[in-house]
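Colleague: I am new to reading protein models, and I would love to go through one with you. Could you show me the one we are discussing today?

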Amino acid sequence: CYLHRRTPIVEKFMELKRVVITGLGAITPIGKNVDDYWAALLAGVSGAAPITIFDTAKFKTKFACEVKDFNAEEYFDRKEVRKHDRYAQFGLIAADQAIADSGLLEDNSINRDRIGVIWASGIGGLSTFHDTVTDFARGDGTPRFSPFFIPKMIADIAAGHISIKHGFRGPNFATVSACASSANALSDAFNYIRLGKADMFITGGSEAAISESGVGGFNAMHAISTRNDDPGTASRPFDKDRDGFVMAEGGGGVIFEELEHALARGAKIYAEVAGAGLSGDAYHMTSPHPDGYGAQLCMKAAIEDAGINYEDIDHINTHGTSTPVGDIVEPKAIVSLFGEHAYNININSTKSMTGHLLGGAGVVESISTILAVQNDIIPPTINHFTDDPDIDDKLNFTFNKAQKRVVNFGLTNTFGFGGHNASLIFKKFVK
């Protein structure tokens with residue numbers, strides 16, 4: 001039968017290519033580069049502090065995890081600053097760090113037609129939108145809009161700017177799936193490379209939603225902490241007295257590269273991408289499935305994609321936002337899926353330190369997981385004071401102090417409003 005004949009196209013995709021990580025970049029509330037970010041994670045540093053970006057006098061929440069001492073003019077000239085929303089600035093900075101770390105620009109033989117950019121943001125230029133509409137509403141009705149308004153605001157523009165700056169002409173787009181956005185970006189980049197559609201991707205995500213609209217909107221949902229008297233301990237995943245997540249900003253970028261391409265150019269390799277799994281809760285607009293069914297599905301899919309056993313997972317960097325409901329559901333899903341092995345896994349939540357970077361969370365937490373695999377150490381879940389009787393206390397949440405252990409396989413979870421779930425697995429690189 002003609003339909004069963006092996007064509008050259010079918011032959012080409014019969015064997016999936018291996019994908020490795022060859023560059024990292026991060027600008028976060030606890031470090032404006034990867035080394036500082038990683039050191040702060042291991043030391044258990046909180047990035048939460050009073051908000052400086054706007055006047056919080058009338059807001060229920062007066063703190064967040066801002067990128068500290070950020071001055072855009074240290075990275076861009078004044079004309080560029082006017083063109084880029086803060087989220088895109090973070091995106092360009094993180095991407096540039098990852099690109100420099102990978103050494104790819106030092107090789108003139110690299111084919112930029114086969115280098116792509118997939119960059120995520122859950123919201124995009126929220127501050128640009130808020131400021132522009134506010135100025136219009138306060139005016140006399142005359143439409144005096146900046147020509148940069150729309151390009152600054154849209155969630156795909158960071159991917160475009162990264163591509164334009166470096167001449168990367170491979171697949172280029174943004175992923176938007178709320179807090180799972182950058183995990184989806186990494187998943188897509190992984191699949192494009194192993195299917196042979198590109199040699200490399202600059203992938204990740206960034207967010208800058210600490211604004212009147214962002215804080216006010218999440219306050220209205222009762223989603224974020226109001227622990228104004230002690231911001232540094234406000235993000236307390238899995239603690240009995242948690243009262244919501246802490247908003248954060250920043251971004252992270254990684255270089256995914258086809259293995260043979262990386263070896264041919266002598267690139268350093270941090271780890272290998274083992275698998276990716278996606279699912280939908282199909283349950284509620286903002287709440288997770290009460291049994292963690294969607295979380296189980298995406299973790300299961302990632303493990304099957306990696307071709308490993310449940311017992312191979314050594315570490316899980318959880319979504320762990322510090323919300324009353326979410327922090328009960330995710331551990332329940334882990335125990336349901338992994339059974340007795342769940343108690344052998346080092347679980348943590350780096351959001352206890354970074355806060356919640358929304359669309360940038362998946363990649364920033366992936367970088368932590370990649371470094372845990374590379375260095376055999378698990379960053380802590382800080383701010384644990386009181387056990388929650390609704391959470392299995394036999395699980396190892398790596399509370400309050402980093403723990404050393406061999407990490408051959410690390411998994412990271414990211415879940416978003418709308419029921420979007422993504423899991424990624426990274427493993428030690430063995431040629």
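Colleague: Which residues does Leu24 touch, not counting residues up to four places away in sequence?

Modeller: Happy to help, and please keep in mind that this is a predicted model. Leaving out residues up to four places away in sequence, Leu24 reaches Val34, Gln97, Ala98, Asp101, Gly253, Val254 and Tyr270. The list also holds three residues that will come back when we talk about helix 14: Leu24 touches Ile367, Ile370 and Leu371.

Colleague: How many residues are in the largest nonpolar core?

Modeller: Leu24 is a good way in, as it is among the residues with the most contacts inside that core. Others in that group are Ile21, Val254, Phe256, Ile367, Ile370 and Phe426. The number of residues in this largest nonpolar core is 49.

Colleague: Which helix gives the most to this core?

Modeller: Look for the element that supplies eight residues to the core. The helix that gives the most is helix 14.

Colleague: And how many residues does the second, separate core have?

Modeller: This core is separate from the one we just discussed, and Phe70, Ala88, Ile157 and Ile255 are among its members. Its number of residues is 28.

Colleague: Back to helix 14: how many Å does it reach from its first C-alpha to its last?

Modeller: Helix 14 covers residues 361-375, which makes 15 residues. At 1.5 Å a residue, the expected reach is 21 Å. The reach in the model is close to that expectation, at 21 Å.

Colleague: Why is helix 14 largely enclosed by the rest of the structure?

Modeller: A residue counts as buried when its relative accessible area is under 20%. Helix 14 is largely enclosed because, of its 15 residues, the number that are buried is 13.

Colleague: At what angle do the axes of helix 8 and helix 14 cross?

Modeller: Helix 8 spans residues 181-194, and its axis comes within 5 Å of the axis of helix 14. The two helices are roughly perpendicular to each other, a word used here for angles of 65 to 115 degrees. Their crossing angle is roughly 65 degrees.

Colleague: Which residues in helix 14 meet helix 8?

Modeller: On the helix 8 side, the residues are Ser182, Ala183 and Leu186. The residues of this contact include four nonpolar, three polar and no charged. The partners in helix 14 are Ala361, Gly362, Val363 and Ser366.

Colleague: What about helix 2: at what angle do its axis and that of helix 14 cross?

Modeller: Helix 2 runs over residues 34-43, and the two axes come within 11 Å. This pair is also described as roughly perpendicular. The angle is roughly 75 degrees.

Colleague: Which residues in helix 2 meet helix 14?

Modeller: Helix 14 offers Val364, Glu365, Ile367, Ser368, Leu371, Ala372 and Asn375. The contact is made up of eight nonpolar residues, two polar and one charged. From helix 2 come Val34, Tyr37, Trp38 and Leu41.

Colleague: Is Thr28 buried or exposed?

Modeller: Thr28 sits in the loop between strand 1 and helix 2. Its contacts beyond four places in sequence are Tyr37, Val67, Glu249, Gly251 and Val364. With a relative accessible area of 1%, Thr28 is buried.

Colleague: And Asp35, is it buried or exposed?

Modeller: Asp35 has its place in helix 2. Exposed means over 50% relative accessible area. Asp35 has 61%, so it counts as exposed.

Colleague: What is the relative accessible area of Lys351?

Modeller: Lys351 belongs to helix 13. Beyond four places in sequence, it touches Ser235, Thr318, His319, Gly320, Thr321, His356, Ala361 and Glu365. Lys351 is buried, and its relative accessible area is 1%.

Colleague: Near what value is phi of Leu358?

Modeller: Leu358 is found in the loop between helix 13 and helix 14, and it is buried at 3% relative accessibility. Most residues other than glycine have a negative phi. The phi of Leu358 is positive, near 55 degrees.

Colleague: Which residue with a positive phi follows helix 14?

Modeller: Its phi is near 55 degrees. The residue that follows helix 14 is Asp376.

Notes: Residues are numbered from 1 along each chain as its sequence is written. This is a predicted model: local features need pLDDT of at least 70, side-chain atom pairs count only at pLDDT 80 or more; totals for chains, interfaces and linings use all residues. Side-chain values use heavy atoms; hydrogens and water are left out. Helices (H or I, at least four residues) and strands (E, at least two) are DSSP runs, numbered from the N terminus. The expected span of a helix is 1.5 Å times one less than its number of residues. Buried means under 20% relative accessible area, exposed over 50%, partly exposed in between (1.4 Å probe, protein chains only). Axes are lines fitted to C-alpha atoms, for helices over the stretch in contact, and angles run from 0 to 180 degrees between N-to-C directions. Angles under 35 degrees count as roughly parallel, over 145 as roughly antiparallel, 65 to 115 as roughly perpendicular and the rest as oblique. Contact means heavy atoms within 4.5 Å. Ala, Val, Leu, Ile, Met, Phe, Trp, Tyr, Cys and Pro count as nonpolar, Asp, Glu, Lys and Arg as charged, and the others, Gly among them, as polar. A nonpolar core is a set of buried Ala, Val, Leu, Ile, Met, Phe, Trp, Tyr and Cys residues joined through side-chain atoms within 4.5 Å.
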